[in-house]
Structures are given as C-alpha cells and as structure tokens.
Amino acid sequence: MRSTFHEVELGKAVLQNATSIGTEQLIVKLKPEDQSGIQIQIKQNTNEQSSTVSSISIDQHGLQKLFLWLREEGAVQ
C-alpha cells in the first residue's frame, strides 16, 4: 500500500492510501468559523466511484480531549 500526504489548499489536507481495489482518503479541513474546529471526512474510491464513508466535525473542546487522549496513548509527545 502506498500512502501520500499533501495540502490541497490552505487549511485542508489529504492523506491518501492506494489499495488493491482503489484508494482511501482521510481529508482534514480546518474550520476557522467554528473557532478552531475541524471537519474530518473518510472517503473510499473503488471502480471509479467515490463514496463518503464517514464525516465528523470536532470543536475546540473536542480537539483538546483528542490531543490529551493521543498523548496518553503515546501517539504524540
């Protein structure tokens, strides 16, 4: 599996994995109108079709809890 990461536009980034049946994308978009919130979309592209698997928004309080959990799990320092 080949992975790529790139910034699509200011405040939006895409992590893409190539799989044997297509591609998977994790799209992260900063939402400054929500006071530092983010929107995360997970997309899977197979057989030239695109479908959104999941989409969530996280506000600033949720981001703080997420980073705390990631630190506790040792994923970030």
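**Notes on a predicted model with a nonpolar surface patch**

1. A good place to start is the surface: L15, L26, I42 and V53 together make a nonpolar patch there, with about 310 Å² of accessible area. Patch members have over 30% relative accessible area and no salt bridge, and nonpolar side chains (Val, Leu, Ile, Met, Phe, Trp, Tyr) are joined within 5 Å, like charges within 9 Å. A salt bridge here is a side-chain nitrogen of Lys or Arg within 4 Å of a carboxyl oxygen of Asp or Glu. Areas are Shrake-Rupley values with a 1.4 Å probe, and for residues only the protein chains shown count as cover.

2. Please keep in mind that this is a predicted model: local features need pLDDT of at least 70, side-chain atom pairs count only at pLDDT 80 or more, and totals for chains, interfaces and linings use all residues. Residues are numbered from 1 along each chain as its sequence is written, and side-chain values use heavy atoms, leaving out hydrogens and water.

3. L26 sits in strand β3 (residues 22-31). L26 counts as partly exposed because its relative accessibility is 32%, between the limits for buried (under 20%) and exposed (over 50%).

4. Overall, the protein has 1 helix and 5 strands, in the order β-β-β-β-β-α along the sequence. These are DSSP runs, numbered from the N terminus: helices are H or I of at least four residues, strands E of at least two.

5. Of the 77 residues, 18% are buried. The accessible surface of the protein is about 6000 Å², with 51% belonging to carbon and sulfur atoms.

6. Just after α1, G74 adopts a positive phi of about 80°.

Notes. Buried means under 20% relative accessible area, exposed over 50%, partly exposed in between (1.4 Å probe, protein chains only).
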